[in-house]
Amino acid sequence: MDRWTPDLAKFGRPHYRAIADAIAHDIGTGRLAPDDRLPPQRSLADALGLNFSTVARGYVEAQRRGLIASRVGQGTVVTGRPRAARAAAPAPRRPALVDFSMNLPPEPDDPELLGRMRDGLAAVGADLTDLLRYQGFGGAREDREAALAWLGRRGLAPAANRLLVCPGAHSALLAVLATLCRPGDAVCCEALTYPGARSLAAHLGLRLIGLPGDHEGVDADAFAATCAKARPKALYLNPTLLNPTTQTVSRARRESLVAVARRYAVAIVEDDAYGFLPPDGPPPFAALAPDSTYHVAGLAKCLGAGLRIAYLMAPSARAALPLAASLRAATVMASPITAALATRWIRDGTADALLGFVRAESIARQRLAAAVLPPALVEADPHGFHVWMRLPAPWSRSAFASQARSTGIGVVASDAFAAAGEPPEAVRICLGGLASRDDVAHALDVVAHALDETPAMSSAFI
């Protein structure tokens, strides 16, 4: 059925919806049968005299209705009859939008791994009454022990009185910045940095100073010059698989930045969200400069976004005290139930298995991206689950993000990451989250084809 060409005049406009209606109609009449392969989107666009993006959006709409599926190596195939009673049907696992905008790790689909995860949750539930009570702040003894075991995988071995169990990395970063800085103080960071850091700085009234860099990371000389002029209180870095550019600061550059930070007595705030993903990455700043680094190791990016637990390592026991007071005032405590689940998974090996899945699946998805997206435009790391893509003229970041969303794909424009100045014409694309590998392959194909067209042509179907 590769030659299937519908008569869209029967189904009205817009054309993308008419394509989905035509697929549903031909399934109902028997013209299309389960496992029939539909024409490639480019071929169908040529046959119908339509823009490629219109056909892509039509296939996305048909997939949303449960009519078709994209399968790696097979193309787009018919899956069955349209849902007769959609209102009564169970909600689909994945939404219509292939959301490349939220930077989430791939979600496990291995039955054995899912079974282990559920077993851990059931074991935690056996002690549910105890976990519904207030707990000692900073984490129960067993939670701190699990945290120390987990941080040991990154070569860190802090004393227990330097460690706090927090309700997610965001709250830990808020406590650190609020403790170190006062409104109006300057904080250095990457020129393109984590949007959450921008939000926290705005909330606290801090001045973010974006620093230039090269392929090894933030420029140490530029940092030194800024320290001499602006007297920043902290250097915030997301040094491994930087969100958004995927860059990892080299060990040599880390050592140079540590030397500057010590010279000017600037605290280092290390957001190690992705540090566990590369199996052989550079040592953390907290290993190179434990006396001046506030290290935040969240579990959201390496295990799962809903696991809102982070381990905060202070430079000293004394430095941990005001952090504990700030966290207690803002959050009371980390959820004992969530902390207990994280501890259970770390102790019984489920966390390592889940991390192994995220690593392997990220590598597979990066290979899909490398095979489809223009290499000259893309910055990526084989161990990350996002890519940074510069846009060719005449595309602007806002036009491309809008176009992607109109075809059912969410990306994030560079404005969200710029510490200051004019953002580059670029977008971040996440390859994880709810999307399956097949979803990712299909969506990347749509993105790649959009790059070959002009914004005016791509918007013709709107």
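# Exercises on a predicted model

The lining of the second largest pocket is made up of 17 nonpolar, seven polar and four charged residues. Keep in mind as you work that this is a predicted model. Let us start with that pocket and then walk outwards.

## Exercise 1: The second largest pocket

Task: Find the volume of the second largest pocket, the residues closest to its centre, and the helix that gives the largest share of its lining.

Solution.
- Step 1. The volume of this pocket is about 440 Å³.
- Step 2. The lining holds 28 residues, and those closest to the centre are Asn103, Tyr194, Ala300, Lys301 and Arg308.
- Step 3. Helix H7, residues 169-180, supplies the largest share of the lining, with three residues.

## Exercise 2: Following Asn103

Task: Decide whether Asn103 is buried or exposed, and work out which side chains it meets through polar contacts.

Solution.
- Step 1. Locate the residue: Asn103 sits in the loop that links strand E3 (98-99) to helix H4 (111-125).
- Step 2. The relative accessibility of Asn103 is 3%. The cut-off for buried is under 20%, so Asn103 counts as buried.
- Step 3. Look at the side chain. Asn103 has a polar contact of 2.8 Å with the side chain of Tyr274, and another, at 3.4 Å, with the side chain of His386.
- Step 4. Widen the view to contacts beyond four places in sequence: the partners of Asn103 include Asn243, Lys301, Phe385, Arg428 and Cys430. One of them, Lys301, is also among the residues closest to the centre of the second largest pocket.

## Exercise 3: An open sheet

Task: Put the strands of the four-stranded open sheet in order, name its edges, and find the bridge partner of Val412.

Solution.
- Step 1. The order is E13-E14-E17-E16, and the pairing is antiparallel.
- Step 2. Strand E13 (378-379) and strand E16 (412-413) are the edges, since each pairs on one side only.
- Step 3. Between E16 and strand E17 (residues 426-430) there are two bridges. Val412 has Arg428 of E17 as its bridge partner. Arg428 is also one of the contacts of Asn103.

## Exercise 4: A covered strand

Task: Say how many residues of strand E10 are buried, and which residues lie on each side.

Solution.
- Step 1. In strand E10 (residues 267-271), five of the five residues are buried.
- Step 2. Recall that side chains in a regular strand alternate between the two faces of the sheet. On one side of E10 are Ala267, Val269 and Asp271, and on the other are Ile268 and Glu270; both faces are covered.
- Step 3. Now look for a pairing partner. E9 and E10 run parallel and are joined by four bridges, and Leu237 stands opposite Glu270.

## Exercise 5: Backbone details in loops

Task: Which peptide bond is cis, and what is the phi value of Arg231 and of Val332?

Solution.
- Step 1. The bond from Ala393 to Pro394 is cis, with omega near 10°. Pro394 belongs to the loop between strand E14 (386-390) and helix H15 (397-406).
- Step 2. Arg231 is not a glycine, yet its phi is positive, near 50°. Its loop runs between helix H9 (220-230) and strand E9 (234-237), and with a relative accessible area of 55% Arg231 is exposed.
- Step 3. Val332 also has a positive phi, about 70°, without being a glycine. This residue lies in the loop between helix H12 (317-331) and helix H13 (336-348), where its relative accessibility of 45% makes it partly exposed.

## Exercise 6: Two partly exposed residues

Task: Place Asp352 and Arg207 in their elements, then find what each of them touches.

Solution.
- Step 1. Asp352 is part of helix H14 (residues 350-372) and is partly exposed at 33% relative accessibility.
- Step 2. Beyond four places in sequence, Asp352 is in contact with Trp150 and Arg153.
- Step 3. Arg207 is in strand E6 (residues 207-211), partly exposed with a relative accessible area of 42%.
- Step 4. Beyond four places in sequence, Arg207 touches Gly184, Asp185, Ala186, Val187 and Ala230. With Gly184 there is a specific link: the Arg207 side chain reaches its backbone oxygen at 3.1 Å.

How values were computed. Residues numbered from 1 in each chain as written. Predicted model: local features only at pLDDT ≥ 70, side-chain atom pairs only at ≥ 80, totals over all residues. Heavy atoms only, no water. 1 Å grid on protein atoms, 1.4 Å probe; cavity = no way out; pocket = protein on both sides within 12 Å on 5 of 7 lines; lining within 4 Å. Points joined across faces, edges and corners; volume = space filled by probe spheres on them. Nonpolar A, V, L, I, M, F, W, Y, C, P; charged D, E, K, R; others polar. Buried < 20%, exposed > 50% of the residue type's maximum accessible area, 1.4 Å probe, protein only. Polar contact = N/O pair within 3.5 Å; in protein donor to acceptor, adjacent residues only side chain to side chain. Contact = heavy atoms within 4.5 Å. Pairing = 2+ DSSP bridges.
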